[in-house]
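Trainee: I should like to learn how the terms used for a structure follow from their definitions. May we go through one together?

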There are 2 protein chains.
Amino acid sequence: MMEVLIVEDDPLHRSYLHDAVRAALPECDLVLEAENGRVGEGLARQHRSAHIVMDLQMSERNGIEAARTIWKERPDTRILFWSNYADEAYVRGVSRIVPEGAAYGYVLKSASDDRLKLALRSIFMEAQCVIDREVRGMQQKSLGHVNGFTDVEYEILIDIALGLTDRMIARRHNLSLRSVQNRLQQLYEKLNVYQRVGEDVEEGRYNLRGRAVAVALLRKLINYSALERAEAELNEWLGVKQN
Amino acid sequence: MMEVLIVEDDPLHRSYLHDAVRAALPECDLVLEAENGRVGEGLARQHRSAHIVMDLQMSERNGIEAARTIWKERPDTRILFWSNYADEAYVRGVSRIVPEGAAYGYVLKSASDDRLKLALRSIFMEAQCVIDREVRGMQQKSLGHVNGFTDVEYEILIDIALGLTDRMIARRHNLSLRSVQNRLQQLYEKLNVYQRVGEDVEEGRYNLRGRAVAVALLRKLINYSALERAEAELNEWLGVKQN
DNA sequence: GTTAAATATGCGGGATCCCGCAAGACAAGC
DNA sequence: GCTTGTCTTGCGGGATCCCGCATATTTAAC
C-alpha cells in the first residue's frame, strides 16, 4: 500500500508521469495528482504523502516553496524534483531546503524514460538520493570555490538584485557598510564585470551594481523564482523589524 | 499540398502538436518537426515553410529570435506562437518583430484542444490573426497609457537592466544625460519604487535603479529571454561603434 | 605557536546617481 | 497668436556608490 503524489502543472507531463510511476512502481496502488504547488501541499497534508514527484516551475506556487512547507511538516518525505532546467538558481534553491538526511532526487525532464523510472525506484523504494549528472555538475561548480560563490556572497547578490542599498544590506546581515562593499567588490570580480564597454578609456564603464545583476541573470545564477522567494523573505524581515 | 513546421523543444508537446495539426488540417500532407530554434530556422529555409507553429521558450535559440530571422527572409510566413506564458516581455517581444500585415497568432498552452485547432485553421487557411484573450488583455494594458510604458521608456528600462550607465544610455539613444535621467524618473514613478523600505525616515530607501529592475522582473515586464536578446543587440551595437 | 590567508571595519575621495529648478523646442488646440 | 502640454537640455548639489589604503580580528595551516 504505497501512494505517490504528482505535483505538475502541465497536463501532458502529468499524465506522462502518471504512466511512468505506474510502470516503475507496480507496488504503488494510488497515484494522486495536483496541478500546482498550493493544491499539492493540501493533498500532501491530507494524505500524509511520503512519496512525491514535484515539478519546479509552476504558476500558482512553485515547487521549491511547496517542498519547503511539506518538508517542514514531515522531514522524512521523499521528493523527486523533475524539472526542465539545471539552472544554478534552482539547484541552490533546492539544496537550501532539503532536510538533514532526507532522500530526494533531481532529474531533468530531458532524461530518458529509463532514467526516470530508475530514479523513482531508487528514491521511493531504497531511500537513495539521485541527482542527474548535469545537475551534479552544476552543484560541483557552484560549491567548488573556483568561480563559485559563497553563501554570503550569494545572499548579497540577491540583495542587490532586489534593489537594496548598501546600508540596508549591511543592516540585514549585521555587517558594517564597508564589509558589504568588500563583498560587492568580490562579486564584481567573480562576475567579470570590470571590462570596459566602449572604446574610449574612462568613458564607457558599466554601472557595476546593475551589470552584476544582469550577468547573474544571464548566467542563471538568479532567476524569477529565486527573486520571487527573496522578495517574500525580504518583506517578512521588514515585517518583523517593524514590531 | 500544404506543409506545416513545428518548432518545439518538448517531445510531449511536439507530438501533441503534431496530432493537433493532423486533426485540424487534413489538407496538410507533410508535418516537419524541429527541436529548437536553430534547427527550425534551417528547416524553414530549406523547405520554404509558409506555416509554422513556434514555441517561445527554447534552449538553443528561442522562438522570437527564430521567428525574426524567418520573417526577415519571408515576411509572409504565417506563424502561430504557442507558449506557456503571457508575460508582457514575451508579448512585447513578439509584437516588435511581426512584419506589416503578416498573419500570426499567439495562443497559450493552457488553451483547450478546440481553441488550438480553431487557431490553426484561422491562421493557416484564412490568414487571420488570432490572439488569445489573456494575451490580448496584456497587450491592451501594456499599450494603454495608464500604467503602460512608452517604447522609449521600455528601451531605457532594458538598458538599466543590462547595467549600462546613464552616459552610455544617452549615447546609445542620442539623448542628453539629463533626458535619460528624466526618463528614469518617469520609470521610477510608474514602477512605484519610491516607497521607503524601513521605518526610519530618511534611512531605508531602495537603490532606485536596482529596485526598478527588480520590480520589472517581478512584474514580468522583463524576463530572461528579453535580457538575452537585449544583450545580443548591445554587443552588436558596440561592435559597429568600434569600427 | 607562528605564519599566512581571509574577513571586518574605518576613513577619505572621486565618480555616479537622483533630482529640483529653469529655460528653450516642438506640437496640438482654442 | 496664444496657451498648454510634452520633451529636451543645462546647472548644481546632496546622497550613494566604488574603491584604495590601513588596521584589527578571525580562521586555517604547518
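Mentor: We shall take the chains, their sheets, their interface and the DNA strands in turn.

Trainee: What should a reader know about the model and its labels before we begin?

Mentor: This is a predicted model, in which local features need pLDDT of at least 70 and side-chain atom pairs count only at pLDDT 80 or more, while totals for chains, interfaces and linings use all residues. Residues are numbered from 1 along each chain as its sequence is written, and chains are lettered from A and ligands numbered from 1 in the order in which they are written.

Trainee: How many helices and strands does chain A have, and what makes a segment count as one?

Mentor: Helices (H or I, at least four residues) and strands (E, at least two) are DSSP runs, numbered from the N terminus. By that rule chain A has 11 helices and six strands. Its C-alpha trace spans about 70 × 45 × 30 Å along the principal axes.

Trainee: Which strands of chain A are called edge strands?

Mentor: Chain A holds an open sheet of six strands in the order β2-β1-β3-β4-β5-β6, with parallel pairing. The edge strands are β2 (28–34) and β6 (130–131) of chain A, since each pairs on one side only.

Trainee: What makes β5 and β6 of chain A a pair?

Mentor: Two strands pair if DSSP finds at least two bridges between them. Two bridges join β5 (residues 104–108) of chain A to β6(A), and these strands run parallel; the requirement is therefore met. Within this pairing, A:Y106 stands opposite A:I131 in β6(A).

Trainee: How many bridges join β1 to β2 in chain B?

Mentor: Six bridges join β1 (residues 2–7) of chain B to β2(B), again in parallel. There B:E3 stands opposite B:L30.

Trainee: Why is B:A127 called partly exposed, and B:N192 exposed?

Mentor: A residue is buried if 20 or more other C-beta atoms lie within 10 Å of its own, exposed if 12 or fewer, and partly exposed in between, with C-beta atoms placed from the backbone. B:A127 has 13 such atoms within 10 Å, so the residue is partly exposed. B:N192 has 12, so this residue is exposed. B:A127 lies in the loop between α5 (113–126) and β6 of chain B, and its phi is near 60°, a positive value in a residue other than glycine. B:N192, in the loop between α9 and α10 of chain B, has a positive phi of about 65° although it is not a glycine.

Trainee: How much of chain A counts as buried, and what makes a nonpolar core?

Mentor: Of the 243 residues of chain A, 40% count as buried. A nonpolar core is a set of buried Ala, Val, Leu, Ile, Met, Phe, Trp, Tyr and Cys residues joined through C-beta atoms within 7 Å. The largest such core has 130 residues, and A:L80 and B:L80 have the most contacts inside it.

Trainee: How do you know that the two chains meet through the same surface?

Mentor: Two residues are in contact if their C-beta atoms, placed from the backbone, lie within 7 Å. On that basis 30 residues of chain A are in contact with 30 residues of chain B. On the side of chain A that touches chain B, α10(A) gives the most, with seven residues. By class, that side has 16 nonpolar, eight polar and six charged residues; Ala, Val, Leu, Ile, Met, Phe, Trp, Tyr, Cys and Pro count as nonpolar, Asp, Glu, Lys and Arg as charged, and the others, Gly among them, as polar. The copies meet through the same surface because 100% of the interface residues of chain A are also interface residues in chain B.

Trainee: What relation superposes chain A on chain B?

Mentor: A rotation of 180° with 0.0 Å of shift along its axis does so, with an RMSD of 0.1 Å. That is the relation of a two-fold axis. Copies are superposed by least squares on the C-alpha atoms of residues with pLDDT of at least 70 in both.

Trainee: Which residues come nearest to DNA strand D and to DNA strand C?

Mentor: A residue is near a strand if its C-beta atom, placed from the backbone, lies within 6 Å of it. Of the 17 residues around DNA strand D, A:T165, A:D166, A:R209, B:S176 and B:S179 come nearest. Of the 18 around DNA strand C, the nearest are A:S176, A:S179, B:T165, B:D166 and B:R209. α9(A) gives the most to the surface near DNA strand D, with five residues, and α9(B) supplies the largest share near DNA strand C, five residues.
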